[in-house]
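Have a look at the chain below before reading on. The notes after it go from the overall layout to strands, helices and the core.

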Amino acid sequence: MQLYNTQHIKLYNTLTSEKEIFQPITDGYVGMYVCGPTVYSNVHLGNVRTFMSFDMIFRYLKHLGYKVRYVRNITDAGHLENDADVGEDKITKKARLEAIEPMEIVQRYTVDFHNVLNTFNFLPPSIEPTATGHIIEQIELIQSIIDNGFAYTVNGSVYFDVHKYNESNEYGILSKRKLEDLIHNTRALDGQSDKKNPQDFALWKKAEPTHIMRWPSPWSDGFPGWHLECTAMSTKYLGDYFDIHGGGMDLKFPHHECEIAQNQASKGQAPVKYWMHANMLELNGARMSKSTGNYINPAELLSGDNDIMSKAYNPSVIRFFMMQASYRSVLDLTDDGLSAAEKGFHRLMDAIGIIDNLKTSSSSSFTVTDWKQKCYDAMNDDFNTPILIATLFEAVKFINQVKDGSATVTPEDLTVLKETIETFIFDVLGLVNISKESSGGNKLTGAVEILIKLRKEARLNKDFALSDKIRDELAEAGIQLNDSREGTTFTTN
Ligand SMILES: [Zn+2]
(Lines give C-alpha, C1' and ligand atoms only; values in the text may rest on other atoms or scores of the structure.)
Protein backbone atom coordinates (compact mmCIF):
# COMPACT_ATOMS: atom_id res chain seq x y z
CA MET A 1 0.00 0.00 0.00
CA GLN A 2 1.28 3.45 -0.87
CA LEU A 3 1.75 6.09 1.81
CA TYR A 4 -0.71 8.45 0.12
CA ASN A 5 -3.53 6.12 1.22
CA THR A 6 -2.87 7.04 4.84
CA GLN A 7 -1.20 10.45 4.58
CA HIS A 8 -3.63 13.06 3.27
CA ILE A 9 -2.26 16.38 2.10
CA LYS A 10 -4.18 19.60 2.53
CA LEU A 11 -2.87 22.30 0.24
CA TYR A 12 -3.67 25.95 -0.21
CA ASN A 13 -5.40 26.52 -3.51
CA THR A 14 -5.03 30.09 -4.78
CA LEU A 15 -8.14 29.59 -6.90
CA THR A 16 -10.43 29.03 -3.92
CA SER A 17 -8.27 30.82 -1.29
CA GLU A 18 -8.67 27.76 0.92
CA LYS A 19 -6.70 24.78 2.14
CA GLU A 20 -8.25 21.78 0.41
CA ILE A 21 -7.72 18.05 0.70
CA PHE A 22 -5.52 17.08 -2.21
CA GLN A 23 -7.33 14.59 -4.42
CA PRO A 24 -5.57 13.96 -7.72
CA ILE A 25 -7.72 13.74 -10.84
CA THR A 26 -6.43 10.20 -11.46
CA ASP A 27 -5.85 8.10 -8.36
CA GLY A 28 -2.14 7.68 -7.65
CA TYR A 29 -0.96 10.03 -10.43
CA VAL A 30 -0.07 13.71 -10.19
CA GLY A 31 0.49 16.11 -13.06
CA MET A 32 2.34 19.25 -12.01
CA TYR A 33 3.39 22.20 -14.16
CA VAL A 34 5.65 25.00 -12.95
CA CYS A 35 6.53 28.09 -14.99
CA GLY A 36 10.26 27.94 -15.64
CA PRO A 37 12.82 30.70 -16.19
CA THR A 38 13.19 33.10 -19.09
CA VAL A 39 16.78 32.36 -20.00
CA TYR A 40 18.21 35.78 -20.79
CA SER A 41 20.27 36.33 -17.62
CA ASN A 42 21.62 34.45 -14.59
CA VAL A 43 18.87 32.90 -12.53
CA HIS A 44 17.54 35.20 -9.79
CA LEU A 45 17.87 33.96 -6.22
CA GLY A 46 14.15 34.66 -5.70
CA ASN A 47 13.40 32.28 -8.57
CA VAL A 48 15.71 29.70 -7.02
CA ARG A 49 13.52 29.87 -3.91
CA THR A 50 10.34 29.39 -5.98
CA PHE A 51 11.78 26.39 -7.83
CA MET A 52 13.12 24.99 -4.56
CA SER A 53 9.62 25.12 -3.04
CA PHE A 54 8.25 23.08 -5.92
CA ASP A 55 11.24 20.73 -5.80
CA MET A 56 10.34 20.04 -2.15
CA ILE A 57 6.67 19.50 -3.11
CA PHE A 58 7.73 17.18 -5.97
CA ARG A 59 9.95 15.24 -3.55
CA TYR A 60 7.19 14.84 -0.94
CA LEU A 61 4.58 13.73 -3.49
CA LYS A 62 7.06 11.13 -4.78
CA HIS A 63 7.86 10.03 -1.24
CA LEU A 64 4.14 9.40 -0.62
CA GLY A 65 4.18 7.04 -3.60
CA TYR A 66 2.49 9.19 -6.23
CA LYS A 67 3.63 8.78 -9.80
CA VAL A 68 4.40 12.41 -10.56
CA ARG A 69 4.89 13.93 -13.99
CA TYR A 70 6.58 17.24 -13.28
CA VAL A 71 6.83 19.64 -16.22
CA ARG A 72 8.91 22.80 -15.87
CA ASN A 73 9.45 24.80 -19.05
CA ILE A 74 12.25 26.95 -20.39
CA THR A 75 11.08 30.25 -21.88
CA ASP A 76 13.42 30.84 -24.78
CA ALA A 77 11.23 33.15 -26.89
CA GLY A 78 8.32 35.52 -26.72
CA HIS A 79 8.80 37.04 -23.27
CA LEU A 80 8.61 40.78 -23.85
CA GLU A 81 10.09 43.32 -21.46
CA ASN A 82 6.71 44.73 -20.65
CA ASP A 83 3.50 42.93 -19.71
CA ALA A 84 1.51 45.29 -21.92
CA ASP A 85 2.86 43.53 -25.03
CA VAL A 86 5.27 46.29 -25.91
CA GLY A 87 9.04 46.45 -25.72
CA GLU A 88 11.56 44.04 -27.07
CA ASP A 89 11.78 40.29 -26.60
CA LYS A 90 14.06 39.85 -23.54
CA ILE A 91 16.32 37.32 -25.24
CA THR A 92 16.54 39.23 -28.52
CA LYS A 93 17.48 42.41 -26.66
CA LYS A 94 20.29 40.70 -24.77
CA ALA A 95 21.52 39.10 -28.02
CA ARG A 96 21.51 42.46 -29.76
CA LEU A 97 23.43 44.12 -26.91
CA GLU A 98 26.07 41.41 -26.93
CA ALA A 99 26.07 40.99 -30.72
CA ILE A 100 25.54 37.24 -30.61
CA GLU A 101 22.83 34.80 -31.67
CA PRO A 102 19.70 34.64 -29.46
CA MET A 103 20.25 30.89 -29.16
CA GLU A 104 23.71 31.54 -27.68
CA ILE A 105 22.00 33.55 -24.96
CA VAL A 106 19.50 30.76 -24.45
CA GLN A 107 22.23 28.12 -24.29
CA ARG A 108 24.44 30.09 -21.91
CA TYR A 109 21.72 30.85 -19.38
CA THR A 110 20.05 27.46 -19.61
CA VAL A 111 23.38 25.90 -18.66
CA ASP A 112 23.76 28.43 -15.84
CA PHE A 113 20.23 27.67 -14.62
CA HIS A 114 20.92 23.92 -14.53
CA ASN A 115 24.27 24.41 -12.81
CA VAL A 116 22.75 26.53 -10.06
CA LEU A 117 19.90 24.09 -9.52
CA ASN A 118 22.30 21.13 -9.42
CA THR A 119 24.38 22.96 -6.82
CA PHE A 120 21.28 23.21 -4.65
CA ASN A 121 20.54 19.50 -5.15
CA PHE A 122 17.36 19.83 -7.20
CA LEU A 123 15.73 16.79 -8.77
CA PRO A 124 15.34 17.23 -12.52
CA PRO A 125 11.73 17.62 -13.70
CA SER A 126 10.20 14.79 -15.74
CA ILE A 127 10.00 17.00 -18.84
CA GLU A 128 11.64 20.36 -19.49
CA PRO A 129 10.08 21.64 -22.72
CA THR A 130 11.09 24.83 -24.51
CA ALA A 131 8.81 27.45 -26.04
CA THR A 132 10.67 27.35 -29.36
CA GLY A 133 10.18 23.58 -29.51
CA HIS A 134 6.39 24.03 -29.37
CA ILE A 135 5.62 26.69 -31.98
CA ILE A 136 3.30 24.39 -33.95
CA GLU A 137 1.25 23.59 -30.84
CA GLN A 138 1.00 27.30 -30.07
CA ILE A 139 -0.19 28.13 -33.60
CA GLU A 140 -2.87 25.42 -33.32
CA LEU A 141 -3.97 26.80 -29.98
CA ILE A 142 -4.30 30.32 -31.39
CA GLN A 143 -6.33 28.99 -34.31
CA SER A 144 -8.80 27.30 -31.98
CA ILE A 145 -9.16 30.47 -29.89
CA ILE A 146 -9.86 32.44 -33.10
CA ASP A 147 -12.33 29.77 -34.26
CA ASN A 148 -14.19 30.00 -30.97
CA GLY A 149 -14.51 33.77 -31.36
CA PHE A 150 -12.21 34.90 -28.53
CA ALA A 151 -9.36 36.41 -30.55
CA TYR A 152 -8.93 38.89 -33.40
CA THR A 153 -6.24 39.61 -35.95
CA VAL A 154 -4.80 43.07 -36.63
CA ASN A 155 -1.87 43.76 -38.98
CA GLY A 156 -0.52 40.21 -38.69
CA SER A 157 -0.75 40.05 -34.88
CA VAL A 158 -3.41 38.13 -32.94
CA TYR A 159 -4.88 39.38 -29.68
CA PHE A 160 -7.03 37.72 -27.07
CA ASP A 161 -10.34 39.56 -26.67
CA VAL A 162 -10.62 39.85 -22.89
CA HIS A 163 -13.90 41.83 -22.97
CA LYS A 164 -15.60 39.25 -25.20
CA TYR A 165 -14.28 36.43 -23.03
CA ASN A 166 -15.57 38.09 -19.88
CA GLU A 167 -19.14 38.08 -21.22
CA SER A 168 -19.34 34.31 -20.75
CA ASN A 169 -16.39 33.67 -18.40
CA GLU A 170 -14.77 35.29 -15.42
CA TYR A 171 -11.51 37.05 -16.29
CA GLY A 172 -9.81 37.64 -12.91
CA ILE A 173 -11.06 34.44 -11.28
CA LEU A 174 -7.58 33.51 -9.99
CA SER A 175 -6.21 36.91 -8.99
CA LYS A 176 -9.61 38.08 -7.66
CA ARG A 177 -9.67 41.07 -9.97
CA LYS A 178 -12.71 42.44 -11.71
CA LEU A 179 -12.53 43.52 -15.34
CA GLU A 180 -14.38 46.75 -14.49
CA ASP A 181 -11.64 47.65 -12.00
CA LEU A 182 -8.94 46.77 -14.50
CA ILE A 183 -10.58 49.01 -17.10
CA HIS A 184 -10.82 51.79 -14.56
CA ASN A 185 -7.18 51.47 -13.56
CA THR A 186 -5.57 51.12 -16.97
CA ARG A 187 -4.49 54.02 -19.11
CA ALA A 188 -6.34 54.37 -22.39
CA LEU A 189 -4.51 53.22 -25.51
CA ASP A 190 -2.49 55.94 -27.18
CA GLY A 191 -3.57 55.04 -30.68
CA GLN A 192 -0.25 53.30 -31.44
CA SER A 193 -1.53 49.91 -30.37
CA ASP A 194 -3.38 47.40 -32.52
CA LYS A 195 -5.39 46.23 -29.54
CA LYS A 196 -9.09 46.91 -29.18
CA ASN A 197 -8.72 47.26 -25.42
CA PRO A 198 -5.67 47.64 -23.16
CA GLN A 199 -6.65 44.48 -21.24
CA ASP A 200 -6.32 42.32 -24.36
CA PHE A 201 -3.09 40.37 -24.66
CA ALA A 202 -1.00 39.12 -27.56
CA LEU A 203 -1.26 35.52 -28.72
CA TRP A 204 0.92 36.13 -31.78
CA LYS A 205 3.08 39.13 -32.60
CA LYS A 206 4.17 40.04 -36.11
CA ALA A 207 7.95 40.35 -36.12
CA GLU A 208 9.63 43.58 -37.09
CA PRO A 209 12.07 43.17 -40.01
CA THR A 210 15.02 43.22 -37.57
CA HIS A 211 13.57 40.64 -35.20
CA ILE A 212 15.68 37.47 -35.50
CA MET A 213 13.48 34.96 -33.73
CA ARG A 214 10.54 34.45 -36.09
CA TRP A 215 8.40 31.66 -37.41
CA PRO A 216 5.88 31.45 -40.26
CA SER A 217 2.21 31.36 -39.28
CA PRO A 218 -1.19 31.88 -40.98
CA TRP A 219 -1.12 35.52 -39.74
CA SER A 220 2.47 36.69 -40.26
CA ASP A 221 6.10 35.79 -39.75
CA GLY A 222 6.33 36.37 -36.02
CA PHE A 223 6.49 34.84 -32.60
CA PRO A 224 4.05 33.60 -29.95
CA GLY A 225 2.97 35.53 -26.86
CA TRP A 226 4.52 34.56 -23.56
CA HIS A 227 1.32 33.42 -21.82
CA LEU A 228 0.53 31.06 -24.65
CA GLU A 229 3.54 28.77 -24.36
CA CYS A 230 2.58 27.57 -20.89
CA THR A 231 -0.93 26.65 -22.02
CA ALA A 232 0.47 24.80 -25.04
CA MET A 233 3.13 22.87 -23.10
CA SER A 234 1.15 22.13 -19.94
CA THR A 235 -1.82 20.68 -21.78
CA LYS A 236 0.35 18.79 -24.29
CA TYR A 237 2.08 16.81 -21.54
CA LEU A 238 -0.50 16.84 -18.73
CA GLY A 239 -3.86 16.95 -20.51
CA ASP A 240 -6.47 19.70 -20.82
CA TYR A 241 -7.23 19.48 -17.10
CA PHE A 242 -4.41 18.67 -14.69
CA ASP A 243 -3.67 18.65 -10.97
CA ILE A 244 -1.19 21.32 -9.92
CA HIS A 245 0.05 24.49 -11.59
CA GLY A 246 2.72 26.37 -9.69
CA GLY A 247 4.82 29.48 -10.01
CA GLY A 248 5.96 32.60 -8.21
CA MET A 249 3.39 34.94 -6.68
CA ASP A 250 4.25 37.57 -9.30
CA LEU A 251 2.96 35.29 -12.07
CA LYS A 252 -0.57 35.09 -10.71
CA PHE A 253 -1.55 38.14 -12.74
CA PRO A 254 -1.54 38.49 -15.65
CA HIS A 255 0.35 35.34 -16.66
CA HIS A 256 -1.70 32.64 -14.92
CA GLU A 257 -4.94 34.52 -15.36
CA CYS A 258 -4.25 34.52 -19.10
CA GLU A 259 -3.46 30.81 -19.05
CA ILE A 260 -6.90 30.10 -17.59
CA ALA A 261 -8.55 32.32 -20.19
CA GLN A 262 -6.66 30.66 -23.07
CA ASN A 263 -7.65 27.20 -21.90
CA GLN A 264 -11.30 28.13 -21.42
CA ALA A 265 -11.37 29.83 -24.81
CA SER A 266 -9.73 26.96 -26.70
CA LYS A 267 -10.83 23.85 -24.81
CA GLY A 268 -13.96 25.03 -23.02
CA GLN A 269 -12.66 24.18 -19.56
CA ALA A 270 -10.44 25.43 -16.77
CA PRO A 271 -6.95 23.91 -17.00
CA VAL A 272 -6.00 23.37 -13.38
CA LYS A 273 -7.47 21.87 -10.20
CA TYR A 274 -4.97 23.36 -7.71
CA TRP A 275 -3.09 26.62 -8.29
CA MET A 276 -0.08 27.06 -5.99
CA HIS A 277 2.05 30.18 -5.59
CA ALA A 278 5.39 30.53 -3.83
CA ASN A 279 6.14 33.79 -2.09
CA MET A 280 8.96 36.28 -2.58
CA LEU A 281 12.49 36.38 -1.26
CA GLU A 282 13.67 39.69 0.19
CA LEU A 283 17.19 40.80 1.05
CA ASN A 284 17.79 42.62 4.35
CA GLY A 285 14.15 43.56 4.64
CA ALA A 286 13.74 45.07 1.19
CA ARG A 287 12.88 43.97 -2.30
CA MET A 288 15.83 42.54 -4.19
CA SER A 289 16.68 44.77 -7.09
CA LYS A 290 19.77 45.15 -9.25
CA SER A 291 19.10 48.85 -9.81
CA THR A 292 19.09 49.74 -6.10
CA GLY A 293 22.12 47.54 -5.37
CA ASN A 294 20.12 45.48 -2.85
CA TYR A 295 20.92 42.38 -4.83
CA ILE A 296 22.91 39.19 -4.59
CA ASN A 297 23.03 36.38 -7.12
CA PRO A 298 23.39 32.67 -6.30
CA ALA A 299 27.07 32.52 -7.33
CA GLU A 300 28.01 35.49 -5.11
CA LEU A 301 26.15 34.00 -2.17
CA LEU A 302 27.90 30.64 -2.60
CA SER A 303 31.39 32.04 -3.14
CA GLY A 304 31.21 34.75 -0.47
CA ASP A 305 32.35 37.19 -3.16
CA ASN A 306 29.95 39.99 -2.20
CA ASP A 307 29.63 43.00 0.09
CA ILE A 308 26.39 41.88 1.74
CA MET A 309 27.22 38.66 3.60
CA SER A 310 30.07 38.10 6.02
CA LYS A 311 31.20 34.87 4.34
CA ALA A 312 30.40 32.10 1.86
CA TYR A 313 27.53 29.73 2.63
CA ASN A 314 27.22 26.11 1.67
CA PRO A 315 24.32 25.33 -0.70
CA SER A 316 22.77 22.95 1.84
CA VAL A 317 22.87 25.67 4.50
CA ILE A 318 21.10 28.05 2.11
CA ARG A 319 18.57 25.36 1.26
CA PHE A 320 18.01 24.65 4.96
CA PHE A 321 17.53 28.38 5.55
CA MET A 322 14.91 28.57 2.81
CA MET A 323 13.10 25.50 4.12
CA GLN A 324 12.78 27.15 7.55
CA ALA A 325 10.02 29.33 6.10
CA SER A 326 6.73 28.23 4.61
CA TYR A 327 6.73 28.51 0.82
CA ARG A 328 3.75 30.86 1.19
CA SER A 329 5.57 33.36 3.45
CA VAL A 330 7.82 36.18 2.39
CA LEU A 331 11.36 35.20 3.39
CA ASP A 332 14.00 37.75 4.34
CA LEU A 333 17.55 36.72 3.45
CA THR A 334 20.04 38.11 5.98
CA ASP A 335 23.55 37.27 7.13
CA ASP A 336 22.29 36.64 10.68
CA GLY A 337 19.56 34.36 9.38
CA LEU A 338 22.01 32.34 7.28
CA SER A 339 24.52 32.12 10.07
CA ALA A 340 21.84 30.87 12.51
CA ALA A 341 20.69 28.37 9.87
CA GLU A 342 24.29 27.17 9.52
CA LYS A 343 24.47 26.39 13.25
CA GLY A 344 21.11 24.63 13.18
CA PHE A 345 22.06 22.66 10.11
CA HIS A 346 25.27 21.41 11.73
CA ARG A 347 23.39 20.43 14.90
CA LEU A 348 21.10 18.36 12.69
CA MET A 349 24.01 16.72 10.86
CA ASP A 350 25.87 16.08 14.13
CA ALA A 351 22.82 14.25 15.50
CA ILE A 352 22.60 12.11 12.37
CA GLY A 353 26.31 11.37 12.73
CA ILE A 354 25.91 9.83 16.18
CA ILE A 355 22.68 7.81 15.67
CA ASP A 356 24.57 4.64 14.69
CA ASN A 357 26.69 4.71 17.83
CA LEU A 358 23.86 5.17 20.34
CA LYS A 359 23.42 2.57 23.07
CA THR A 360 20.01 0.91 22.96
CA SER A 361 17.88 -0.26 25.91
CA SER A 362 14.85 -2.41 26.57
CA SER A 363 12.52 0.59 26.65
CA SER A 364 12.16 4.00 25.01
CA SER A 365 11.56 7.27 26.80
CA PHE A 366 10.31 8.86 23.55
CA THR A 367 7.25 7.82 21.52
CA VAL A 368 8.91 7.48 18.17
CA THR A 369 5.74 6.50 16.24
CA ASP A 370 3.89 9.62 17.43
CA TRP A 371 6.87 11.77 16.52
CA LYS A 372 7.07 10.17 13.08
CA GLN A 373 3.39 10.97 12.43
CA LYS A 374 4.01 14.55 13.57
CA CYS A 375 6.59 14.86 10.79
CA TYR A 376 3.99 13.72 8.25
CA ASP A 377 1.32 15.97 9.78
CA ALA A 378 3.58 18.96 9.24
CA MET A 379 4.12 18.13 5.58
CA ASN A 380 0.47 17.20 5.06
CA ASP A 381 -0.49 20.66 6.30
CA ASP A 382 0.29 22.52 3.09
CA PHE A 383 3.95 21.39 3.07
CA ASN A 384 4.75 23.16 6.32
CA THR A 385 8.52 22.76 6.34
CA PRO A 386 9.17 25.08 9.35
CA ILE A 387 6.98 22.84 11.54
CA LEU A 388 8.67 19.77 10.08
CA ILE A 389 12.11 21.17 10.95
CA ALA A 390 10.96 22.03 14.50
CA THR A 391 9.72 18.43 14.83
CA LEU A 392 13.03 17.06 13.53
CA PHE A 393 14.77 19.05 16.25
CA GLU A 394 12.67 17.24 18.87
CA ALA A 395 14.43 14.11 17.67
CA VAL A 396 17.82 15.87 17.73
CA LYS A 397 17.23 16.75 21.39
CA PHE A 398 16.25 13.16 22.14
CA ILE A 399 19.29 11.72 20.30
CA ASN A 400 21.58 13.93 22.38
CA GLN A 401 19.82 12.85 25.56
CA VAL A 402 20.30 9.18 24.68
CA LYS A 403 23.97 9.91 24.07
CA ASP A 404 24.25 11.58 27.51
CA GLY A 405 22.43 8.69 29.15
CA SER A 406 19.46 10.83 30.23
CA ALA A 407 17.05 9.06 27.84
CA THR A 408 16.65 5.54 26.46
CA VAL A 409 15.69 4.01 23.13
CA THR A 410 14.93 0.46 21.94
CA PRO A 411 16.74 -0.91 18.87
CA GLU A 412 13.42 -0.99 16.95
CA ASP A 413 12.62 2.64 17.79
CA LEU A 414 16.15 3.68 16.90
CA THR A 415 15.77 2.13 13.45
CA VAL A 416 12.49 4.00 12.85
CA LEU A 417 14.02 7.21 14.17
CA LYS A 418 17.03 6.95 11.88
CA GLU A 419 14.96 6.05 8.80
CA THR A 420 12.47 8.84 9.39
CA ILE A 421 14.96 11.58 10.10
CA GLU A 422 17.06 10.63 7.07
CA THR A 423 14.02 10.40 4.81
CA PHE A 424 12.78 13.85 5.70
CA ILE A 425 16.17 15.56 5.71
CA PHE A 426 17.67 14.05 2.59
CA ASP A 427 14.76 12.81 0.44
CA VAL A 428 12.07 15.38 1.23
CA LEU A 429 13.95 18.56 2.18
CA GLY A 430 16.71 17.69 -0.28
CA LEU A 431 19.62 18.56 2.02
CA VAL A 432 23.06 17.03 1.59
CA ASN A 433 25.14 15.86 4.54
CA ILE A 434 28.19 18.03 5.02
CA SER A 435 29.68 17.61 8.44
CA LYS A 436 32.00 20.35 9.73
CA GLU A 437 34.89 17.90 9.77
CA SER A 438 34.42 16.69 6.20
CA SER A 439 34.07 20.07 4.55
CA GLY A 440 37.21 20.45 2.47
CA GLY A 441 37.77 24.12 3.28
CA ASN A 442 38.09 23.48 7.01
CA LYS A 443 40.46 20.56 6.55
CA LEU A 444 42.71 22.69 4.38
CA THR A 445 42.63 25.52 6.88
CA GLY A 446 43.59 23.15 9.68
CA ALA A 447 46.52 21.70 7.71
CA VAL A 448 47.89 25.09 6.63
CA GLU A 449 47.59 26.43 10.19
CA ILE A 450 49.83 23.57 11.34
CA LEU A 451 52.43 24.43 8.69
CA ILE A 452 52.29 28.15 9.62
CA LYS A 453 52.98 27.15 13.25
CA LEU A 454 55.92 24.91 12.25
CA ARG A 455 57.38 27.70 10.12
CA LYS A 456 57.11 30.14 13.04
CA GLU A 457 58.96 27.65 15.26
CA ALA A 458 61.66 27.23 12.59
CA ARG A 459 62.21 30.99 12.44
CA LEU A 460 62.40 31.26 16.22
CA ASN A 461 65.11 28.58 16.00
CA LYS A 462 66.81 30.61 13.23
CA ASP A 463 66.29 27.68 10.84
CA PHE A 464 65.56 30.02 7.93
CA ALA A 465 66.22 27.29 5.36
CA LEU A 466 63.31 25.29 6.74
CA SER A 467 61.00 28.30 7.10
CA ASP A 468 61.65 29.35 3.47
CA LYS A 469 61.15 25.77 2.28
CA ILE A 470 57.71 25.65 3.92
CA ARG A 471 56.73 28.99 2.35
CA ASP A 472 58.03 28.11 -1.14
CA GLU A 473 56.53 24.66 -1.28
CA LEU A 474 53.15 25.95 -0.13
CA ALA A 475 53.39 28.60 -2.87
CA GLU A 476 54.07 25.86 -5.42
CA ALA A 477 50.89 24.12 -4.20
CA GLY A 478 48.95 27.35 -4.79
CA ILE A 479 48.90 28.58 -1.20
CA GLN A 480 50.39 32.01 -0.51
CA LEU A 481 51.53 32.92 3.00
CA ASN A 482 51.19 36.59 3.88
CA ASP A 483 53.29 37.84 6.80
CA SER A 484 52.27 40.94 8.69
CA ARG A 485 52.69 42.37 12.18
CA GLU A 486 49.46 40.65 13.23
CA GLY A 487 50.80 37.27 12.18
CA THR A 488 50.65 35.07 9.09
CA THR A 489 47.55 34.47 7.02
CA PHE A 490 47.16 32.57 3.77
CA THR A 491 45.34 32.83 0.49
CA THR A 492 44.72 30.16 -2.13
CA ASN A 493 44.57 30.58 -5.87
ZN1 LIG B 1 4.04 30.11 -17.35
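Helices and strands here are DSSP runs, at least four residues for a helix and at least two for a strand, numbered from the N terminus. On that basis the chain has 16 helices and 15 strands. Keep in mind that this is a predicted model.

As for overall dimensions, the C-alpha trace spans about 90 × 60 × 35 Å along its principal axes. Of the 493 residues in the chain, 39% are buried. Among contacts with a separation of 6 or more, 72% link residues that sit 24 or more positions apart.

**Strands**

A good place to start is β9, residues 242–248, where seven of the seven residues are buried. What does β9 pair with? One partner is β3 (residues 29–34), which runs parallel to β9 and is joined to it by three bridges. Met 32 has Ile 244 of β9 as its bridge partner. Another partner is β10 (residues 272–278), also in the parallel sense, this time over six bridges. Here His 245 stands opposite Trp 275 in β10. Helix α8 (residues 252–267) completes the picture: together with β9 and β10 it makes a β-α-β unit, and that unit is right-handed.

Further along there is an open sheet of three strands, ordered β12-β11-β13, and its pairing is mixed. The edges are β12 (286–287) and β13 (331–333), each of which pairs on one side only. Strand β11 (residues 281–283) runs parallel to β13, with three bridges between them. Glu 282 finds its bridge partner in Asp 332 of β13.

The parallel pairings mentioned so far look like this:

| Strand pair | Bridges | Example partners |
|---|---|---|
| β3 and β9 | three | Met 32 and Ile 244 |
| β9 and β10 | six | His 245 and Trp 275 |
| β11 and β13 | three | Glu 282 and Asp 332 |

**Helices**

Now for α3, which covers residues 102–119. With 18 residues, α3 reaches 26 Å from first C-alpha to last, close to the 26 Å expected at 1.5 Å a residue. Which residues of α3 are buried? They are Pro 102, Ile 105, Val 106, Tyr 109, Phe 113, Val 116 and Leu 117. Viewed down the helix axis, the buried residues of α3 fall within an arc of 105°, so they line one face. Val 111 and Asn 118, on the other side of α3, are exposed. The cover over the buried residues of α3 includes α1 (45–63), α2 (90–98) and α9 (298–303). Just past the end of α3, Asn 121 takes a positive phi of about 60°.

Helix α16 (residues 464–476) can be read in a similar way. Its 13 residues reach 18 Å from the first C-alpha to the last, close to the expected 18 Å. Gly 478, just after α16, has a positive phi of about 90°.

**The core**

Nonpolar side chains tend to be buried together in soluble globular proteins. In this chain, the largest nonpolar core has 116 residues, and those with the most contacts inside it are Ile 142, Ile 145, Ala 151, Phe 160 and Leu 203. Helix α1 supplies the largest share of this core, with 10 residues.

What does Phe 160 touch, leaving aside residues up to four places away in sequence? Its contacts are Ile 145, Phe 150, Ala 151, Asp 200, Phe 201, Leu 203, Ala 261 and Gln 262.

Terms used:
Residues numbered from 1 in each chain as written. Predicted model: local features only at pLDDT ≥ 70, side-chain atom pairs only at ≥ 80, totals over all residues. Buried ≥ 20, exposed ≤ 12 C-beta atoms within 10 Å, placed from the backbone. Contact = placed C-beta atoms within 7 Å. Pairing = 2+ DSSP bridges. Right-handed = clockwise from strand over helix to strand, strands pointing away. Expected span 1.5 Å × (residues − 1). Arc of directions from axis to C-beta. Core = buried A, V, L, I, M, F, W, Y, C linked by C-beta atoms within 7 Å.
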